[in-house]
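The following exercises concern a single protein chain. Each task is followed by a solution that proceeds step by step.

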Amino acid sequence: MPSDLQNARTFFLVSGILNVLAFLGWGTTTLIGGIATCGIGCLTGFLPVINIVSCIMDFIAYNKLNTLNQRGTFSTIQTAAIFQIITIVTGNVVSFVFGILTTSNLNKEEIKNYLIEKDIY
C-alpha cells in the first residue's frame, strides 16, 4: 500500500474521532442555545449534522482503506475528503486540512494505478 493511502487512512480515523467530538459539542450548544433563546439558538442545528455526516463518511472510508477489497473505494475516499473540507464551516480546521491533503494525494497517478491494479477503483 502506498504511503499516501496509509496517511489517508490515519487522517480518516483522526478526523472521524474529531467529528464525533465536534458533533457532541455543537449538538449540546444547539440544544442549550435553543432552550436559552426560546428557539433562536436552534438555527445552528445544521452544524452537528455536517459533523455527523462527515464522521460516518470518515469511518466508511477508513474501513474501505483497511480492507482494500471493495469496489468504489476511490469514490468513497473522495467523497469523505470533500466532507472533511466542508467541516471548516463548523470550525474543524484539522479535518479541513486532512481533507485537502487527502484530495491532493488522490490526484496522484500512482494512487489511481494502485487502486485500479487491486480492482477496487
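**Exercise 1.** Is Arg-71 buried or exposed, and what is its relative accessible area?

*Solution.* The model is a predicted one, in which local features need pLDDT of at least 70 and side-chain atom pairs count only at pLDDT 80 or more, while totals for chains, interfaces and linings use all residues. Residues are numbered from 1 along each chain as its sequence is written, and side-chain values use heavy atoms, with hydrogens and water left out.

Step 1. Buried means under 20% relative accessible area, exposed over 50%, and partly exposed in between, for a 1.4 Å probe and protein chains only.

Step 2. Arg-71 has a relative accessible area of 60% and is therefore exposed.

**Exercise 2.** Determine how many salt bridges there are, and characterise each one.

*Solution.* Step 1. Side chains of opposite charge can pair when their charged atoms come close. The criterion is a side-chain nitrogen of Lys or Arg within 4 Å of a carboxyl oxygen of Asp or Glu. By this rule there are two salt bridges.

Step 2. Arg-71 forms a salt bridge with Asp-119, with 3.0 Å between the closest N and O atoms. Arg-71 belongs to the loop between α2 and α3 (73–86) and Asp-119 to the segment after α5, so that distant parts of the chain, 48 residues apart, are linked. Asp-119 is partly exposed, at 48% relative accessibility.

Step 3. Lys-108 pairs with Asp-4 in a salt bridge whose closest N and O atoms are 3.0 Å apart. Because Lys-108 lies in the loop between α4 and α5 (109–117) and Asp-4 in helix α1, the pair ties together parts that are 104 residues apart in sequence. Lys-108 is partly exposed, with a relative accessible area of 34%, whereas Asp-4 is buried, at 13%.

**Exercise 3.** State which secondary structure elements the chain contains, and give the overall dimensions.

*Solution.* Step 1. Helices (H or I, at least four residues) and strands (E, at least two) are DSSP runs, numbered from the N terminus. The chain has five helices and zero strands, and its elements run α-α-α-α-α from the N terminus on.

Step 2. Along the principal axes, the C-alpha atoms fill a box of roughly 55 × 20 × 15 Å. Of the 121 residues, 39% count as buried.

**Exercise 4.** At what angle does α1 pack against α2, and at what angle against α4?

*Solution.* Step 1. Axes are lines fitted to C-alpha atoms, for helices over the stretch in contact, and angles run from 0 to 180 degrees between N-to-C directions.

Step 2. α1 (residues 3–36) and α2 (residues 46–67) pack at about 155 degrees, with their axes 8 Å apart. This makes α1 roughly antiparallel to α2, a term for angles over 145 degrees. By class, their contact has 17 nonpolar, eight polar and two charged residues; nonpolar covers Ala, Val, Leu, Ile, Met, Phe, Trp, Tyr, Cys and Pro, charged covers Asp, Glu, Lys and Arg, and polar the others, Gly among them.

Step 3. For α1 and α4, the angle is about 155 degrees and the axes are 10 Å apart. These helices are therefore roughly antiparallel to each other.

**Exercise 5.** Which residues form the aromatic pair, and what is its geometry?

*Solution.* Step 1. Rings of Phe, Tyr and Trp (its six-membered ring) pair if their centres lie within 6.5 Å; planes under 30 degrees apart count as stacked, over 60 as edge-to-face and the rest as tilted. The structure holds one such pair.

Step 2. Phe-11 and Phe-98 are stacked, at 4.4 Å centre to centre and 10 degrees between the planes. Since Phe-11 lies in α1 and Phe-98 in α4 (residues 93–106), the pair ties together parts 87 residues apart in sequence. Both Phe-11 and Phe-98 are buried.

Terms used. Parallel < 35°, antiparallel > 145°, perpendicular 65-115°, else oblique.
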